[in-house]
Structures are given as structure tokens and as C-alpha cells.
Amino acid sequence: MTTTVDHPVPGGTEDAGTPAPSVDVSELGQVLLGHWADVRRETRRMLLDERLHGREELGLPEQRERVLGQLRLLVEHGTMNRGLPREYGGDDDPGGNVSGFEELLLGDPSLQIKAGVQWGLFGSAVLNLGTEEHHRRWLPGIHDLRIPGVFAMTETGHGSDVASIGTTATYEPAAQEFVLHTPFRAAWKDYLGNAAVHGRAAVVFAQLVTQGVNHGVHAFWVDLRDEHGDFLPGVGGEDDGRKGGLNGVDNGRLHFDHVRVPRTHLLNKYGDVAADGTYSSPIASPGRRFFTMIGTLVQGRVSLDGAAVVASKAALAIAVRYGSERRQFNASSDVQEEVLLDYQQHQRRLLPLLAETYAMSFAHQELLHRYDDVFSGREDTDENRQDLETLAAALKALSTWSALDTLQECREACGGAGFLTENRLTSLRHDLDVYATFEGDNTVLLQLVAKRLLSDWAEEFRHVDMGVMARYVAGRAAEATYHRSGLRKLGQTFRDTGDMRRSVNALREESAQHALLADRVETMVAELAEALRPTARLPREEAADLFNEHQYELIATARAHAELLQWEAFTRGLRQVEDPGTRTVLTWLRDVFGLRLVEKNLAWYLSYGRLSMRRGRSLDQYLNRLLARLRPHALDLVAAFELQPEHLRAEIATGVEARRQEEASAHYRRLRASGHAPVKEGASRKESVTSAAGAPGEKSPGQQQREKRERRPARPSPRPSSRRAGHPDPQAGRAPGPAAGTRPGTGTAAGSPPGTQPATEPATVRAARRHARWLELRPLKKAAKRTARAAAAPDEERTVSQEA
């Protein structure tokens, strides 16, 4: 399925004698689907059912009801059983559950998010924060959709800062009830899926207060509506209305006016209140208890990371297929327009994003394995949970931002066709917009990642004696001197002098790329740690100010760390590929990803002395060569995503553009063959060619005429002159004179009107004779010039000596 290109690809292989590699699409597809490939394929087969597809033309109420009906179809298929414990009819397969959930985006992102609210947030909160009594009481109804639910954490006034939410749950021992109350408008629960219409119950997060002590945020089961869909006493709410995307989800607001719930409705896995109001918890530290509770809900971030990867794959499958068929402009032929993806700039637009999506895909597989290890109980330790939360925060931030960038670039790369709703790119872009801010604002998530990096750095030096610390500081100073004084760059420049290939070879090695990316992260972390060291001794306000002064560097450091993780995952993913050709192509793709990261941050590498100017300049050239090598494999690389037309549902990805191009080519071929093609303005008929797409490989009349002249047999060379070199005979080598009876120099018969041609000598013969004479005289003229220069040389030497 390798792409056919109209022009030879420069730099197609490392060695001109080596056959070009090919991609084993089947093997690569299996590698990309990962450990839960069967689950993903099963979900994709289910999504061929058009009842699970989004309908853009529906109004808001109709969209919401359609998506609710789609959830019922999922229940019928048994799709949402995988994550439930076996005692409740599930498969106890956390990784498989998330894998299938991510694929729902291909049907309709609203379906994916509403399913995520019902089973991934609402159901998971009961499963992970509740105890056996809660599981037995509510999980069956959540599973079969008899209890559509709401996950009520975010408030209008507090989104990312969950610890500061305003809703309270105050315990009354006499009644053995909690009283939930919304004390002010900013404490309304907001942006909640299922809250506007369908939700019957909610897991509400509130500040637990008992015996006058606030024990922090805890989760409570609260009934919202009766069997008729009306709010219960004390519960109120509003509809969020139409949004920028995901309009199949009924988002809304909730507020509570002294709503009473039984003591047993506290989801008490990590904190409980006895009948007399005594609070107890297996985790003594309030801070650690809070982060442990929140950490159990990491599934949302894991699944959004995977869904962003799926969206990027879909967008690139559409744009690369369209770019491989769409033709524009006659750059190299009068009758054949250029394929968009043959343009270097189009390759620059799409292929680096393809490399980034592959990196995201391999990184997500590793994240999913860690999630499954923890939530299956196989490796459920505090350290592993912390690592999982940090990794999920880092990858979710990068993948959701990247998906938005990819969708926008693919939309633009498809021109006006990309802007049509029927081709899905704009709809996907709108639906995924909120991915950057829900389940944790990306900027806040990266700040959490940076803090974890700093705490790990501090832990490394916690038990180090002063001698080791002094050697570390001295080493850092020497390293800075080496890098920033120019010594490192001077060494690179010296080694690379005279050959740009040496610069390229130094950058394309796997170890060199890793060293550049890892060194940047380590340097940034160390500089941040040194800059923020005084915060431990400063007053709170001053410490906060110092931290804020370095917030930009914090985010940049976390992002660099996440990019390194993606590159390392891509490199490990390469080792899963057995086919040599596929591994070669994927290595080029990995190199594009790694070197694009260096190119994006080239100012840092230059200013910190990690790269010389020569190596920095060689990046552009080598990246362009890599993209040219990847160009013939672009269709294979997106075919490995295994997305069917029913998954993409974009007309421009169905081959319709290729059929349109062929129809236009056939039309113009017939027109040229008929001899009735219109003449270009200002051109003679024989020079005019209709500028339009021809058949692949078709040559213009001008090209055909030139090739015909080149195929003519060469005329015999004239006899050499008998005169000595330097004094050529004016008559030597002259073409035969005019035939008897013709006017000299004209080729016309004597007495004939000028401009008429004898029947025996057509114009083509006359033109050929003139060209042959020019070829004969050319060496004689060069010899005459050399002789003249040689004769003038002694005179010039005498003149110079006289002047001296």
C-alpha cells in the first residue's frame, strides 16, 4: 500500500545500492494496538453500527436523547462490564476497560464523555471510594443504567483547586445525618455531565465537618431526582445550555439547601464518621489522605490521554489520505499537477505530527500498563500510585494539546474541504477543545509534575554529606564553564569542519538524541532546584512570590520531562517491531520526533552551549531529508492505525478526490487528443497546452518533442582541419553548402519568393542542420580564444616588468 509519488524521493535510502524499505502494515498495526488489541478491535467492530455515530444536524434535546440511547446500546453489548469486579458480573480488567472506552470517540465524542461520566467517574467513585456495602447497593444500578449519575466535584469558583471547594457536609449525631449545603453562589457544582436532565443521583464532594472540625474533602452519595425527573426537596440546578462542543452531554449546575443524607451515604473507604460523630481514617495525614482519594480517580486522565491519541490518528488518517490524492499547481509539468504531499511544506505540516502521534501512542501504552498494574492490585503501592499520577498528568497535558494542534493543522492542510462538517475535522476539534481543561487543567497538571521532579531531586540529596554536595556544586560549575565558554561548541565545530554529514551523523544517533533531551531536563531541574532552595527558609508570602517568579520555568521543565518520556517510549516501542523494513521506517519517524524537539528548543541548546552553530544549521537539512524518505510510506503509516471508513466518516478520506482527479485528467486527455483544445493567450497553437491534471506520468507535447529529438541518431563528426592549432581554417568542419539552385543562407530555391520551403527540406531538417553546425563550430571558437590568450600573455609579462 506504499504511496505512489510522481517524483523521485531524494535521500530515499542511506545507501543508493540498498533497496528502499517497506512497511509491514499488519505487524505495525498489531504493535500500535498494544496489549489490549482484541478489546480495541471488538469496540471498533461495534462502532460500525451507525446508531452509535454522532448526528451533527440534530438539535440540542435530540442530541442528548440520542446519546443516552447510545449508552443503553453499550449496556446491551456488555461493553462496560470489563472494569467491574467479577462478583458484580464484570471482568475485573481495568486496562481493557479503559482501552475500549477510549475507542468510543470514533463513534461520537459525546458518547465517550457521557459514558465516562456514568461509568468512569460516577461509577468509579463508588467503586474506589466506597466499601462493600456501597458496591452491593449501587453498582448494579450504575452498571445497567437504571441509575444515571453525576460526578459533582467542580464548582463555579473552584475547578483545579479541589481542596478549596465551598460545599459543606456537616454531621448531626442526633439524627445520624449529614447536612449538605451550598453556602454561596460560587460554591454551586458546575459543568457536570448528566446534571441538566438525566442524572438521578450524584457523588458529591464536600468539606466534611464533624464535632466542629473540618476533615477536608470527602465524597457522599446524594439522590437528586424522583422517578419523574423532578428535583428532590432542597436540590436545585440549571442547564449549562449549548457548549462549544460535546452537545450530546447534558452538562448542568447543582446546588443544595440543607439537604439531609444518611451517615451511611458517606463513601468511607479513606475516612469514616461513627454514630457519635467521631472521625477516623486509615491515613493520618489530611494532605496525604486527600491526594490518595483524588488519586483513585486517575482513570479519567489516563483515558483522556488515550482518547486524544485516537483523535490524532483519525485526523491524520483523513489529512494524509487527502494529501496523497489532492493535486494543485503545475510545478514540473504542463499537464500534470503536483500531489500535495509531494510538496516539502506539506510534509513539514503533517509528517512531524504523525511522528508525534506515534510517540504519544507508545507512551500511552506504557501508561495503560502502569494503570492496570496498580488498579488490578498486582503492584498497588503508594510509590507506584504516585508514579502513575505523575505520568498521567504529564502525558494527558501533552497529548490533549497535541491533539488540538493536530486537528487544526489537518483542517488547514485539507483547505476548504477540511472546513466542511461532513469531513469531521472541525467537529472533532470543537469536541476535544475542553480536553485541555477538564480532568485537570493542563498547565496545573504540568506544575504538579514539576513539583514532583523537584521533590525527587531534593530526595536524592537529602542524605548526602557536605563533601559530596561540594563536589556536586564544583562539577556543576565546571560543566557550565565547559558548555557556556564555547569549548564544547568549538570541539563540535572542529570535528564537523568540511563535511555537513558529520554534523548530521552526530545528531541522528539514538544515544546522541537521548543525551540532548535528557541533559536539557536534568539541567532545567537542577537550575530550578537551586533557584527555589531559599523557599524553605522564607516567610510564606515571600516563598510564594519566589515560586511564582519561576513558574514559567516550572512548566517548561515539566514539558521537557514529558517529551523525554514520549521519546523513550517511542524508542522502546521500536524494539517490538521484528520486520527490518518497518523498523527502519519507524526509526526515521522516531528521529523526526526527537530532532523536532531539539529544533523547537534550538535557542536553549545554542545558548547553553550544547550544540554548535554548524550542527544547529544542519538540523533543518537533515529533517527535510528524513521527511522525504518518509513520504512514500505515509499512507502505510496511517493505514497501520486500522481505522475503517465507517470510523472516519470523512468523504475526503474515501478516495473520492482520486476519482475526481482521474475524471478531470480523462477530460483533458480527450480534449488534447481531439485537437480542439483552446490556445493559451499569447501563445501559438503548437506551444499551447491546456494546464490541467493529466494522467500520472503523462508528458506534455513539449516534453514528448524534446525526447524525440534526443532519440535521433547523431550526425557523423566533420573531418578535422588540416591547419595548425590556434589558426583554424574558416572553412574546416563547415556543413555542406547550399544545394545548387538555392539562395545562400536561406534554404529557399533561387527565384522563389522568400519564406517558401522546398518540398525536399522541411523546417525540422533545417533546424537540425543549424544545430549541427553550431555544435561543429563551438570547439573551434574555444580553441581560437585559448590561442589569443596565450599570444597575449608574453606582452603582459613584458609590461609588468617594465613597470617594475
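**Group meeting: strands, charges and contacts in a predicted model**

Let's start with strand β9, residues 259-262. V259 and V261 make up its covered face. R260 and P262 make up the uncovered one. Keep in mind that this is a predicted model.

What does β9 pair with? Strand β3, residues 177-181, in the antiparallel sense, over 4 bridges. One residue pair to look at: V179 has R260 of β9 as its bridge partner. So R260 appears twice here, on the uncovered face and as the bridge partner of V179.

Now the loop between β2, 168-172, and β3. Q176 sits there. Its phi is near 50 degrees, a positive value in a residue other than glycine. Most residues other than glycine have a negative phi. Is Q176 buried or exposed? Neither label fits: Q176 is partly exposed, because its relative accessibility is 36% and that class lies between 20% and 50%.

A second positive phi belongs to L246, near 55 degrees. L246 is in the loop between β7, 235-239, and β8, 252-256. Here relative accessibility is 5%, so L246 counts as buried.

Next, a contact in space. L68 is in helix α3, residues 60-77. L68 counts as buried because its relative accessibility is 8%. How far apart are L68 and G248? In sequence, 180 residues; in space, 8.3 Å, C-alpha to C-alpha.

On to salt bridges. Side chains of opposite charge can pair when their charged atoms come close. How many does a search of the whole structure find? The count is 41 salt bridges.

Take R348 and E599. Their side chains meet in a salt bridge at 3.3 Å, N to O. This pair links distant parts of the chain, 251 residues apart. R348 is in helix α9, residues 344-375, and E599 is in helix α20, residues 580-600. E599 has a relative accessible area of 17%, so it is buried.

Then R349 and E409, with a salt bridge of 2.6 Å, N to O. This pair too links distant parts of the chain: R349 is in α9, E409 is in helix α10, residues 382-413, and they are 60 residues apart. R349 is partly exposed, with a relative accessible area of 23%. E409 counts as partly exposed at 24%.

R590 also forms a salt bridge, with D591. The closest N and O atoms are 3.1 Å apart. Both residues, R590 and D591, are buried.

There is a network as well. R40, R44, E102 and E103 are linked in it by salt bridges.

Last topic: charge on the surface. Which residues gather in a patch of positive charge? They are R778, K781, K782, K785, R786 and R789. R789 is found in helix α27, residues 763-803. With a relative accessible area of 57%, R789 is exposed, because the class starts over 50%.

A patch of negative charge is made by E541, E542, D545 and E549, also on the surface. E541 has its place in helix α18, residues 540-549. At 62% relative accessibility, E541 counts as exposed.

To recap the charges: a positive patch that includes R789, a negative patch that includes E541, and 41 salt bridges in the whole structure. For the pairs, look at R348 with E599 and R349 with E409. That's it from me.

Note on methods. Residues are numbered from 1 along each chain as its sequence is written. This is a predicted model: local features need pLDDT of at least 70, side-chain atom pairs count only at pLDDT 80 or more; totals for chains, interfaces and linings use all residues. Side-chain values use heavy atoms; hydrogens and water are left out. Patches are made of residues with over 30% relative accessible area and no salt bridge: like charges are joined within 9 Å, nonpolar side chains (Val, Leu, Ile, Met, Phe, Trp, Tyr) within 5 Å. Accessible areas come from the Shrake-Rupley method with a 1.4 Å probe; for residues, only the protein chains shown count as cover. A salt bridge is a side-chain nitrogen of Lys or Arg within 4 Å of a carboxyl oxygen of Asp or Glu. Lys and Arg count as positive and Asp and Glu as negative; His and the chain ends are not counted. The place of a charge is taken as NZ of Lys, CZ of Arg, CG of Asp or CD of Glu. Helices (H or I, at least four residues) and strands (E, at least two) are DSSP runs, numbered from the N terminus. Buried means under 20% relative accessible area, exposed over 50%, partly exposed in between (1.4 Å probe, protein chains only). Two strands pair if DSSP finds at least two bridges between them.
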